[in-house]
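Work through the exercises below with the sequence and the structure open beside you. Try each task before reading its solution.

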Amino acid sequence: MISLVKRPQPSKTWVVATPILAVIVTMILGGLLFAAMGKDPFVAIRTIFWDPLFNPDFAAYSRPQLLVKAAPLILIAIGLSLGFKAGIWNIGAEGQYIIGAITGASVGLAFYPMEAWYIFPLMVIAGALGGFLWGLIPALCKTKFNAPEILVSLMLVYFAEQIMISVSLGALRNPEGNGFPGSRNLAQYASSANPELIAGTGAHWGVMAAFAAVVAAYVLLSKHMLGFQIRVTGESTRAAGFAGINANRLIIFCLGTSGALAGLAGLFEVTGPAGQITTSFNTGYGFTAIIVAFLGRLNPIGILLAGLLLALTFIGGELAQFMLSLPSASIQVFQGMLLMTLLAMDIFVNYKVVWRKKEAV
Amino acid sequence: MFKKILATTALAVGLAGAAFADDKTKVGFVYVGPINDGGWTQGHDHGRLELEKHFGDKVETVFVENVPEGPDAERVMTQMALTGTDIIFTTSFGFMDPTLNVAAKFPDVKFEHATGYKSAENVATYSARFYEGRAIQGTIAGRMTKSNIIGYIGSVPIPEVVRGINSAFIHAKKVNPDVEFKVIWIYEWMNPAKEADAAKALLEQGADVILQHTDSTAPLAAAKEAGAIGFGQASDMYDFAPAPRVSSIIDNWAPYYIERTQAVMDGTWETVNTWDGISTGMVGIGEITDAVPADVKAEALALKDAIVAGTYHPFTGPLNKQDGTPFLAEGEVADDGTLAGMNFYVEGLTGEVPQ
């Protein structure tokens, strides 16, 4: 008879092994799903996982696109993970992402059509500041009025969406847009553009920022006092209190930082891949990043890999859609399978599977 | 390493056409919604299927559904172009800039963008004069309403949508001077939950006719529950006939898709700006059901005939703008340029175009 025995310590081996195992299990389950739909399962799995990376005809394009797609996810998830580790739940990164894009874009558009080197740096600061302030609202509501940050940060997403719609139609509308909503294209305005830094790599400033955030978070969590405080608070609020950790300061730090990083992600997106603020600018990066943060086990390196893996399933999923005529819903089911197996596999990290003989009566 | 990637990119772009070249013409479609949305995207996908039926083995079609407007669209189009697609139809307004960007990188691939205003050497634009259908819809709506309140679900406030509201209102007012329009904007093309909420809000405000410029059948479902009437949008939505769906505006893209694909096969493809209406069949008026009295039906069909014959234009003066300033003088007809950029309401409409 199989039974589970709790491990005294989470297994280090399984922490590394489970994601790999989960991907393999998902490939098998997904293969069965695609086979049931009448598609060749091997071709389908190859199209999703292999072709974006190694297909000789288009991988040179899709590989860099992985970075473009993963960068905002990683940048936002890193910020979220700090709070999540300390038990501070910022669910509203999508809103901070939108506000960062709007404040950053506003600064750039205010300078239009002047060309100067300092415009883009100013936009970056404005983007981070916008996200930071938007993240500060739930933080202050929490520290002053003890309002749950989960609810406040989430509700502020819808607020931010309304602001985005309003400025796309009004304040930031392109006066030369033939009556159509949406701002000027920031990617086509030299001083505000965030192009690929090295052609063909996909790496724009947002990708750089994402890598920098991974390193910074790693150092913060492993070497810095603040990182220690975050971890202690996450383990036990009471212990943190006894240790003299200022809970309010931590709340403000975590929500502010994750807001600033989400704001940066929005700014890099609006100046690069997206180009303009429109009524449909946000595509859910702020919410997907929550998945990335947990998939990466709130560990900076894990988040980096999780962001890339999720980006791969997005891009490979698109390929599978038009190369194999798979419906987009089946790709979503497949992504869901991946997340579910990853989380389910967690059981091996904390539990040991033991085979026990049935005892004689 | 970087050099290698660069070289491979150049190679991939250069060889893409050759590597996949075979007898078949490969036609790609990029959709904003799911192919079974019952409306806009389903209409385009119907065109794709007709295209396959028409050409048989000579074409291969590919599509991606649920593509968000923005950078994701650009990636989808690029991957399509890289896998040897000869012509790509991008069927949502928000795909405009991405289409232009990708087209610049693939001069040998033809692109067709629906409902936009930017074109290029290898980017054609196409749209339909939906406002002609709206005129007929407005006539029926104006005659059918008992509460004199007509609800209108607006999607994204681009000129096409504003034009539709104006056209429907002008013609409803013509047959029923007491009519009033209530417009709710949802700022999305397709969101069944929001569409249903908007429809319910309009019904609660006394509307007994619901017009929609959104893609799903949710407003019709809401109208059915409340005993109100509505119209099919983009696809026929005949499942809701004879009521609440009393007629519909059908987007018929198949002939256009066939014609343009043929041009690619013949090597005669050129960039064009197509804006066709009822007369060429691009805009179809779905069967007017028996829920509509015979005289109203006859009146609506007479209007349709006049539009097809070219003897009547839905935007004919005298018309004023909402603020009372003159728009069109007696007998004057709006030119296409004005219509293409229309972002104002005509006199009599309440509320304002969101800006």
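What covers the buried residues of H4(B)? In this predicted model, the covering elements include helix H3 (71-82), strand E3 (87-90), strand E4 (110-114) and strand E5 (123-128) of chain B.

**Exercise 1.** Find which residues of helix H4 (residues 96-105) of chain B are buried.

*Solution.* Start from the criterion, by which a residue is buried if 20 or more other C-beta atoms lie within 10 Å of its own. Going along the helix, Met96(B), Asp97(B), Pro98(B), Thr99(B), Val102(B) and Ala103(B) are buried.

**Exercise 2.** Describe the open sheet of chain B and place H4(B) on it.

*Solution.* Begin with the strand order, which is E2-E1-E3-E4-E5-E11 in chain B, six strands with parallel pairing. Next, look for the edges, which are strand E2 (59-64) and strand E11 (273-276) of chain B, since each pairs on one side only. Neighbouring strands are turned by 20° against each other on average, direction ignored. Then take one pair in detail: strand E1 (residues 25-30) of chain B and E3(B) are joined in the parallel sense over four bridges, and Val30(B) has Thr90(B) in E3(B) as its bridge partner. Finally, add H4(B), which packs on the sheet by touching E3, E4 and E5 of chain B, with its direction at about 170° to that of E4(B).

**Exercise 3.** Determine how many residues each chain gives to the contact, and characterise the side of chain A.

*Solution.* Chain A gives 33 residues and chain B gives 40 residues. On the side of chain A, helix H3 (59-85), helix H6 (149-169) and helix H12 (300-324) of chain A each give two or more residues, and the largest share, five residues, comes from H12(A). By type, the residues on this side of chain A are 15 nonpolar, 15 polar and three charged.

Note on methods: Residues numbered from 1 in each chain as written. Chains lettered and ligands numbered in written order. Predicted model: local features only at pLDDT ≥ 70, side-chain atom pairs only at ≥ 80, totals over all residues. Contact = placed C-beta atoms within 7 Å. Nonpolar A, V, L, I, M, F, W, Y, C, P; charged D, E, K, R; others polar. Buried ≥ 20, exposed ≤ 12 C-beta atoms within 10 Å, placed from the backbone. Pairing = 2+ DSSP bridges. Axes fitted to C-alpha atoms, helices over the stretch in contact; angles between N-to-C directions.
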